[in-house]
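Student: Could you take a close look at a single part of this model and then connect that part to whatever else can be said with care?

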Amino acid sequence: MFLEIDSELAHTVNMVGITYLLPDIFSAITILCMGIYIVFEKDLYVARQRKPFFFLLSVCFVYSLVCIPMDIALNSENVFSPSVSLIIATVHAVFSQVIANMLMFYIVKDSRNSFARTKDLKPVVYAALILTCASVTFFVVNIRTGIAFSFPPEGGAVEFGPLYFFHFLLMSLSAVITFAVIFLERDSMLPQIRRMASYVPFIIAVLVVLQIIYPKSEALLILVSVLLFYCFTNLTTSSFLIDNLTGFGNLKYMSSFLSYYFSKGVRFSVITVKIQDYSRMHMDFDVKSVDALIKMIGDEFAGLELIQQVFRISENNFVLIGPAPSDQGCRILCTQIVDIFARTYVIDRTTFNLKGDIYLIPCPVVASSRSEVFDMLAFFSEKKVDLKNLSASYYSIRNDFFSFIVCDLRLKELLNRRNYIVKLIREACEKELFEVEFQPVFDTGGNFCNLAECLIRLYDKRYGHYVSPAEFIPVAESEGYIDRIGLFVLSRSCRMIRECIDNCLPVPTISVNFSARQFYSPDLVDDVINLIRSYGIPAEYIKIEITETNIIANFTKVRHVMEQMMACGLGFYLDDFGSGYANISRYISLPFECVKIDRSFIKAAMNDRKNDVFLRSVVSCFSSLGYKVIFEGIETVEGYEYVCNFEKAVIQGFFYSPPVSVGDFRKLLGLPDF
Ligand code: C2E
Ligand code: MG
Ligand code: MG
């Protein structure tokens, strides 16, 4: 009976006895897991960041392994003589302090970047040395006095002295310094890490309390794993958020950063710097040289005193965070940025000038949320609006190489309007609210040429008027709605032609406008041909209008698509001739059958002799090449009389008819009412 109880007791004591090993085993396993992950996912990390951390992990792993036999030795009776146990325990304790300081140094070094307030790492190094020296002295004193721990001379497990907590105090000081630095650097930290860092002090507090209550628990060893895990998360998160070349945050990082800044309610500027001709740089120089230049420019920006953050959101696009325009320094910062941009750089011994656009967005005055900043960045990168007049008030520079524009509230109005138009277009697509009008073409005798242009119409119910295609077509292009619009207009034109055939009336030729963007769609040719076939009409009655600017933007693609469609019977009109700056010889090589002379060109010719001579020679040139010529936008008697000078002139303009509704056009064609 007694024997039984005794063995039960011994078992329980044993169970309690080995709990001191749990922290060792726990940290060894967590460190091992992190190490294995890093080895397997090597490509995720940049070598210069991965290697130091891996080294730190290895040291800590060895430490936690060595702790296991040490702790067994120290906590079991009579394994070593008391003096040997004392030396082992002292080395163990000093080593813990060294590891804590290594971690402190690593975390501090890691949480600061070029914008950090702790620019100088020396104080941290001194702190680490002082703490280590203090710890060594304390434990050497302990060997003689036993103030922290000692071993009974008759043998047995460790006994704690009255000042044992001093050991924890020293280790906690390392943690306090670490978190003081993290707190100071919180604005320049990854937001995810900032969030995580805010939990770590609580975990540490719990562990310290645990350690004080149960000195044998070695809870502080768990602290090592917690801090390592913090570093591991930091490293892994940054591998997703940091640009490898420059070490600055990427687009994702900027996104979280902006949310944080807006939530703080501070005033700041978002300055976007887009370097143009990036692909040309790659053609002229090798990748390494271009990378070196990009890195150098980024470092120059980061070196400016007033810059709070630098991001590289795409290959050639930096975003800088600086003070708001209302701050005194902002203007100085603008000049410094311009200086960096205007400098002559040398790549591969060749001098090189940067080209590009710089926009400053005052936040929260002009952009009051992260999504507004993103809208504006998209705005600038696609050059969706002409921003020439937006910035006269504060600071603006424009020359052959670059422009620097400070945006004001007018930009916000433009953006709001644009978003409103996007909404209208989306709604019109979903609910089929688009309409079309037809503008008939006449000869100078006023006879309808059985030819008309089909034009898209978008009605704005809220304001009770139609939105001009000149306003919504570019938006539809950049938002991806233009293909649907193109097919819609085409289907309405086909339907009109079908009805004329069915009613045995003279069949009109109808032209539709195509945008450059439509030519990028791989399905364009098939969609167009299938649609025309579905109405069972000959493709010859449909003509596609393409503008000069569309052709320049997309020459080879346009030519390819034209050839494919021509083979199916479709014809092409060159629209708005004279409004752009196209190279005539280039598009003369394309298979157009008609040229539509732009209103602005005709107006210029009516007012100026040189333009008149030029227009006449161009028209005669087109006529002799066999092109049909249509004069667009003739509104007045003077315009009409001017155009009558040209042989067999054909007119599309308000003089004869504005674009008319489907009902009116049906009447003109002789079709019955709906
Ligand atoms: P466009 O292809 O050059 O179309 C002719 C434009 O000139 C039409 O403007 C028409 O209303 C206008 N116009 C005709 N005669 C006169 C005149 O005597 N005086 C004046 N001031 N204007 C005249 P609208 O309908 O506003 O279209 C503007 C532009 O929008 C079109 O220019 C075309 O480039 C584009 N567009 C219209 N519909 C479509 C479409 O379905 N798809 C695409 N991609 N673009 C379209
Ligand atoms: Mg047109
Ligand atoms: Mg036109």
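Tutor: In this predicted model, a nonpolar patch on the surface is formed by Leu32, Ile36, Val39, Phe40 and Phe54, which together carry about 480 Å² of accessible area. Helix 2, spanning residues 22–40, supplies the largest share of that nonpolar patch, namely 4 residues. One of the patch members, Phe40, lies in helix 2, and Phe40 counts as exposed because its relative accessibility is 68%, where the cut-off for exposed is over 50%.

Turning from the patch to a metal site, the magnesium ion (ligand 3) has as its protein donors Asp575 (OD), Asp576 (OD), Glu632 (OE) and Glu632 (OE), which lie 1.9 to 2.3 Å from the ion. Along the sequence, the donor residues of the magnesium ion (ligand 3) follow the spacing D-D-x55-E. Asp575 coordinates both the magnesium ion (ligand 3) and the magnesium ion (ligand 2), and these two ions are 3.8 Å apart. Since Asp576 belongs to strand 16 (residues 571–577) and Glu632 to strand 18 (residues 628–632), the pair ties together parts that are 56 residues apart in sequence.

As for how these two donor residues are covered by protein, Asp576 counts as partly exposed because its relative accessibility is 22%, whereas Glu632 is buried, with a relative accessible area of 10%; the cut-off that applies here is under 20% for buried.

How values were computed. Residues are numbered from 1 along each chain as its sequence is written. Chains are lettered from A and ligands numbered from 1 in the order in which they are written. This is a predicted model: local features need pLDDT of at least 70, side-chain atom pairs count only at pLDDT 80 or more; totals for chains, interfaces and linings use all residues. Side-chain values use heavy atoms; hydrogens and water are left out. Patches are made of residues with over 30% relative accessible area and no salt bridge: like charges are joined within 9 Å, nonpolar side chains (Val, Leu, Ile, Met, Phe, Trp, Tyr) within 5 Å. Accessible areas come from the Shrake-Rupley method with a 1.4 Å probe; for residues, only the protein chains shown count as cover. A salt bridge is a side-chain nitrogen of Lys or Arg within 4 Å of a carboxyl oxygen of Asp or Glu. Helices (H or I, at least four residues) and strands (E, at least two) are DSSP runs, numbered from the N terminus. Buried means under 20% relative accessible area, exposed over 50%, partly exposed in between (1.4 Å probe, protein chains only). Donors are N, O and S atoms within 2.8 Å of the metal (3.2 Å for Na, K and Ca); water is not among the atoms, so sites may look incomplete.
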